[in-house]
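Biologist: I would like to take a close look at one part of this chain, and then see how that part sits among the others. Please go slowly, as I am still learning to read structures.

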Amino acid sequence: MTLFCLGSINLDHFYEVSHLPAPGETILAGSHSTGLGGKGANQSVAAAQAGARVVHIGAVGPDGAWAVSRLKALGVDTTHISEVTAPTAHAIINVDPKGENAIVVFPGANMQQSLTQLKTALLTAKRGDMLLLQNETNLAFEAATLARSLGLKVLYAAAPFNAATTAALLPLTDMLILNAVEMKQLSEATNAADLSPETIVVTEGSKGGYALTSKGKQRFSAFPVQALDTTGAGDTFTGYLAAALQEGQSLQDALRCAAAASALKVTKKGTADAIPSRSEVDSFLKAQA
């Protein structure tokens with residue numbers, strides 16, 4: 001089975017700061033580094049690291065060949081990543097000593113996805129494959145509509161939260177994944193009860209989180225670790241969850257696997273390059289048993 005991801009691809013700029021700057025405040029960064037990121041790229045890498053066959057559908061600018069090469073090196077099929085005229089997206093990420101972050105993203109090429117390329121990619125899918133979506137590209141609605149018509153499961157991570165986009169995608173979503181803040185925003189913005197996907201997964205950071213299904217509320221625990229950088233933790237969780245479900249794990253086991261991967265991710269600095277391998281996750285889970 002294959003997991004298709006219509007997702008963003010970013011050049012992440014990391015700045016280590018003593019604290020996250022307040023409005024109007026200028027501070028000096030202690031260090032600067034760069035790496036592959038973007039919610040879509042992170043999720044694709046996480047799913048590939050978990051062992052899934054992942055096809056990424058995305059776009060980069062003329063300056064983005066490095067990102068495509070890095071995705072390929074991390075196990076992602078990059079056949080359906082196109083080059084467009086807009087520059088490759090980038091993110092400015094400030095990280096404080098506790099690992100908390102503040103992020104600004106320039107979307108660039110991510111918002112120039114091609115409908116033709118999207119159709120070409122998804123028409124290679126088989127019934128039962130999965131489509132993973134976020135809110136960092138255009139054509140998410142078109143992708144979900146086509147995926148549903150082809151018999152694919154649609155997993156949607158509603159971040160960065162956008163009320164109109166989320167409301168449009170909910171009826172086409174099999175599994176909605178979001179954090180506690182986004183869940184609150186969703187509840188305030190729309191009558192989710194009328195549009196609820198089959199499964200809603202809500203992450204709550206160090207508290208773990210819960211899944212809402214027809215059988216009720218199912219909680220899962222987080223693993224206590226020393227966080228160095230929380231950037232990409234949610235994306236790691238989402239990618240690992242999708243891959244675990246795709247390989248046939250129960251929802252409870254898949255949630256535990258995803259929580260372990262997310263915990264390991266925050267112990268490392270960076271985004272896509274810091275996502276743990278399946279062997280690391282399996283060893284971590286074995287140690288927790």
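Biologist: Is strand E1 (residues 2–6) mostly covered or mostly open, and how many of its five residues are buried?

Modeller: Before anything else, please keep in mind that this is a predicted model. Strand E1 is mostly covered, since five of its five residues are buried. To see how this cover is spread, it helps to recall that in a regular strand the side chains alternate between the two faces of the sheet. In E1 both faces are covered, with Thr2, Phe4 and Leu6 buried on one side and Leu3 and Cys5 buried on the other.

Now consider the strands that pair with E1. Strand E4 (residues 53–60) runs parallel to E1, and five bridges connect the two; within this pairing, Cys5 has His56 of E4 as its bridge partner. Strand E8 (residues 130–133) is also parallel to E1, joined to it by four bridges, and here Phe4 is the residue that stands opposite Leu131.

It is useful to set E1 beside another part of the chain, an open sheet of four strands whose order is E3-E2-E6-E7 and whose pairing is mixed. Strand E3 (31–37) and strand E7 (101–106) stand at the edges of that sheet, and because each has a single partner strand, one side of each is left without a neighbour in the sheet. From one strand to the next, the twist averages 20 degrees. Helix H2 (residues 65–73) packs on this sheet, where it touches strand E2 (10–16) and E3, and the direction of H2 makes about 70 degrees with that of E3. Within the sheet, strand E6 (residues 89–95) and E7 run antiparallel and are joined by six bridges, with Ile92 standing opposite Val104 of E7.

Burial can be followed in the helices as well. Helix H1 (residues 39–49) is mostly covered, for nine of its eleven residues are buried, among them Gly40, Asn42, Ala46 and Ala47. Just after H1 comes Gly51, which takes a positive phi of about 115 degrees. Two of the buried residues of H1, Ala46 and Ala47, are also among the contacts of Tyr240, which include Cys257, Ala258, Ile275 and Val281 too.

Tyr240 leads us to the largest nonpolar core, which has 49 residues and in which Tyr240, together with Val201, Phe237 and Leu241, is one of those with the most contacts. Helix H8 (residues 251–265) gives the most to this core, with ten residues. Apart from it lies another core, of 30 residues, which includes Ala144, Leu170, Leu178 and Leu186. Leu186 also appears among the residues that Thr166 touches, alongside Asn135, Tyr156, Ala158 and Phe161. Thr166 itself is found in helix H5 (residues 163–169), and it counts as buried because its relative accessible area is 0%.

Finally, we can step back to the whole chain, which has nine helices and 13 strands. Its radius of gyration is 18 Å, close to the 19 Å that the globule rule gives for 289 residues, so the chain is as compact as a globular protein of that length. The burial we followed in E1 can be placed beside the chain as a whole, where buried residues make up 53% of the 289 residues.

Key
Residues are numbered from 1 along each chain as its sequence is written. This is a predicted model: local features need pLDDT of at least 70, side-chain atom pairs count only at pLDDT 80 or more; totals for chains, interfaces and linings use all residues. Side-chain values use heavy atoms; hydrogens and water are left out. Buried means under 20% relative accessible area, exposed over 50%, partly exposed in between (1.4 Å probe, protein chains only). Contact means heavy atoms within 4.5 Å. Two strands pair if DSSP finds at least two bridges between them. Axes are lines fitted to C-alpha atoms, for helices over the stretch in contact, and angles run from 0 to 180 degrees between N-to-C directions. A nonpolar core is a set of buried Ala, Val, Leu, Ile, Met, Phe, Trp, Tyr and Cys residues joined through side-chain atoms within 4.5 Å. The radius of gyration is taken over C-alpha atoms; the globule rule is 2.2 Å times the number of residues to the power 0.38. Lists of a residue's contacts leave out its neighbours within four places in sequence.
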